[in-house]
Structure formats: C-alpha cells, structure tokens
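Here are my notes on this model, as numbered points. Please read them with the structure open.

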Number of protein chains: 2
Amino acid sequence: MTVTQNTAVAIEAEEDPTRSDFCSAEPPRPPRPDGRDAYTISEVVAFTGLTAHTLRWYERIGLMPHVDRSHTGQRRYTNRDLEWLDLVGKLRLTGMPVADMVRYAELVRGGEETYGERYELLAATRRDVLERMAQLRDTLAVLDRKIGFYADAGHRPA
Amino acid sequence: MTVTQNTAVAIEAEEDPTRSDFCSAEPPRPPRPDGRDAYTISEVVAFTGLTAHTLRWYERIGLMPHVDRSHTGQRRYTNRDLEWLDLVGKLRLTGMPVADMVRYAELVRGGEETYGERYELLAATRRDVLERMAQLRDTLAVLDRKIGFYADAGHRPA
DNA sequence: TAGAACCTTGGAGCGCACTCGAAGCAAGCG
DNA sequence: CGCTTGCTTCGAGTGCGCTCCAAGGTTCTA
C-alpha cells in the first residue's frame, strides 16, 4: 500500500536514448522539468514512495542501471532513473521476482545485442500478467457471489 | 506456479450448510463423489497442489475451520474443507495476507452474528482486487509498448 | 506378521524483499 | 564554531509464508 504514489510512465528511454520523450502523451515526470536532472535520494524517496534504504539496496543488487554521483559521492538521480524505477515498480506489482528484474537490468546494460533476450523476458512476463488477471477475474466472481449472499442475509436477517 | 491445479468453486457452504450444492453449475469436486467424504492429507495434497506441511500449518495458525480426525487422530478432510481451501487459494492469489484470511476464518467460526463483518472484509478485498487488476492493466500497456519496440527492432536490426 | 508407506507433533530453518543500525563524512546555517 | 540534517558504507535483523526435520505411531499390502 505504500508502494506507488507515482503514476508516470516508463518509456523506452533505455532502449533508445535519442527519443527520451517518445510517446510522452502523459508527461512522464513534471517535478523539476528544468535542466536540473539530478535529484537527491530524498527527492526520489518523495517521488517514488520507496525508502532510501531500498533505493540503495536496489543499486547494490544491480537493479539500477547506474546512478551518477555528486563530486562528494552523493547519489544524483536522473529522469531516466526515475522512469526505470517506475518500470520496476510496475513489474514488482506483477509479482515478478527481483532476480528477474536484475536480469533485465543486466540485459539493458548489455546493449543492443540483448534485444532478443529482452523481448523473450518481457513476453514471458506478459503471459504471467495475463494469467494473473484471469485469476483475479475468477476470484472476483467468487467474491461477488459471497458478497451478494451476505448483502441479502443482511437485508432480511433473523 | 505450483499452486492451483484445481479449479473447483468455493461456494457458500460455510454460510449456509443446507445448500452445499448451491450454484454448482460447475461440479465442485468430482473425486470420490460417493459418500466417502473423508480424504486423507495426501489426497488433499494431490487435489490442491499444497504440501502436507502447508496443510498442517494452515490448521495450526487457525486458517482451517476445523478438520475431522480418524479414531487414531489422522486428519480426514471433507468436501467442505476442500472448498474452503479453494477459496483460500484464490484469496492468496489476490495477495491477501494470511492473517486476514485467518480473521475471516474466525468470523466464519463465529456464526451468523459475524455476517456484517464478513461482508466488510470481503468488500474490502474486492476493492483490492479491482485495484490490482487496474495496476496489471497499466503494466500490460507498458509491456506491450516495450515488446512492440523490441519486435520492430528485431525485424530490421543493425 | 513383516515391511513399506504414510501419518502425527512441535519446533527449527529458509528464501525473499526489504529494513534498520552504526560509524563516519559533508553541507548549510546562526 | 558548533549544530543539525542528510548522505555514505556494510552488515545484521525482520516479517512473511512456508518448508523441513526428528522421533515416533498407524495403515496397507503380501
């Protein structure tokens, strides 16, 4: 419940850096739209709802592509990083294991030769998502039946 | 992935014991359709895909309403129990915490006075399910865009 | 009636995804 | 100058949902 305060879209920025505003019908992230593309960790905490601990942990396990540092070694996140975090957040909500997301991050770091593998990974994830949605539909039907039962029972009790 | 080999419906059996075949358009559970309404734990393992360990653990934490025993103390599950386990499986797939399911089990044991609370709990769960489905739809859209990108890139590479 | 297979219990252990703590460096402010 | 706030690192701790173990009793098949 404390996970996604943000709703910005994660776009193909990591695939094609030349068109970072591609498909930006929905403005990806208005905060600091100026040139100041260097957020502190606490700003990212405010944007994403993640904790600073978690952000640092993501980096340790290889889930962040690469985070810039200030001249004194402090993290400076770019809009690119925020978009990546948004994608990670979405994938996390699908139940994708962190290890798989790390794998994807590695592929992204691996450059264009990994396009095929990335495609496969995302396609598999897509299948998972569809399956989960079907399960949820099933469950919703059961819930609705039970809820209907209790509603009826409540209207004419004893 | 090792979770739901079964697809039987969990019906209102616990709410209204007099109509255990209510709404059984889809036959709830054909195995042993005879009077032998007393499955061993290993049979339940085969039906549900859960492990015996997990079944015993469910009972310990109060997630099973009550399981009969043979004269020598071994568990004997009824069709009612199987239906309950099916509901639990569905709720688990929605991400509902086990503690909440235990709460629901307690309400069921509490009898008709708890109908209102059960309604509230299920209604809240329903809201969660809808929210999750919306999140999944979002994620699916992002995945589709990315997958489309990689598919195009794959068709005309280098 | 022997042996294999299966069941019982309580408690310990595991994997995942964080979550926190401690010790220390750096920046900004009255 | 001292103080507060925020950042750094690494490693240990937490909560959840199982998962497994040991030691023993039971049930089934031949």
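1. Start with the symmetry. This is a predicted model. A turn of 180° with a shift of 0.0 Å along the axis lays chain A on chain B, and the RMSD is 0.1 Å. The two chains are therefore related by a two-fold axis. Both copies use the same surface: 100% of the contact residues of chain A recur in chain B.

2. Which residue of chain A comes closest to the rotation axis? That is A:Met133, with its C-alpha at 3.1 Å.

3. Next, the fold of chain A. The chain has five helices and two strands. Along the sequence the pattern reads α-α-β-β-α-α-α.

4. On packing, chain A has 158 residues, and 26% of them are buried. Take the contacts in chain A with a separation of 6 or more: 60% of these join residues 24 or more positions apart.

5. Now the DNA. Strand C is surrounded by 17 residues. The closest come from both chains: A:Pro97 and A:Val98 from one, B:Ser42, B:Gln74 and B:Arg75 from the other.

6. Which elements supply the surface near DNA strand C? In chain A, helix H2 (52-60) and helix H4 (98-109) each give at least two residues. In chain B, helix H1 (41-48) and helix H2 (52-60) do likewise. H2(A) provides the largest share, three residues.

7. Finally, the composition of that surface. Eight residues near DNA strand C are polar, six are nonpolar and three are charged.

Definitions and conventions: Residues are numbered from 1 along each chain as its sequence is written. Chains are lettered from A and ligands numbered from 1 in the order in which they are written. This is a predicted model: local features need pLDDT of at least 70, side-chain atom pairs count only at pLDDT 80 or more; totals for chains, interfaces and linings use all residues. A residue is near a molecule or strand if its C-beta atom, placed from the backbone, lies within 6 Å of it. Helices (H or I, at least four residues) and strands (E, at least two) are DSSP runs, numbered from the N terminus. Ala, Val, Leu, Ile, Met, Phe, Trp, Tyr, Cys and Pro count as nonpolar, Asp, Glu, Lys and Arg as charged, and the others, Gly among them, as polar. Copies are superposed by least squares on the C-alpha atoms of residues with pLDDT of at least 70 in both. Two residues are in contact if their C-beta atoms, placed from the backbone, lie within 7 Å. A residue is buried if 20 or more other C-beta atoms lie within 10 Å of its own, exposed if 12 or fewer, and partly exposed in between; C-beta atoms are placed from the backbone.
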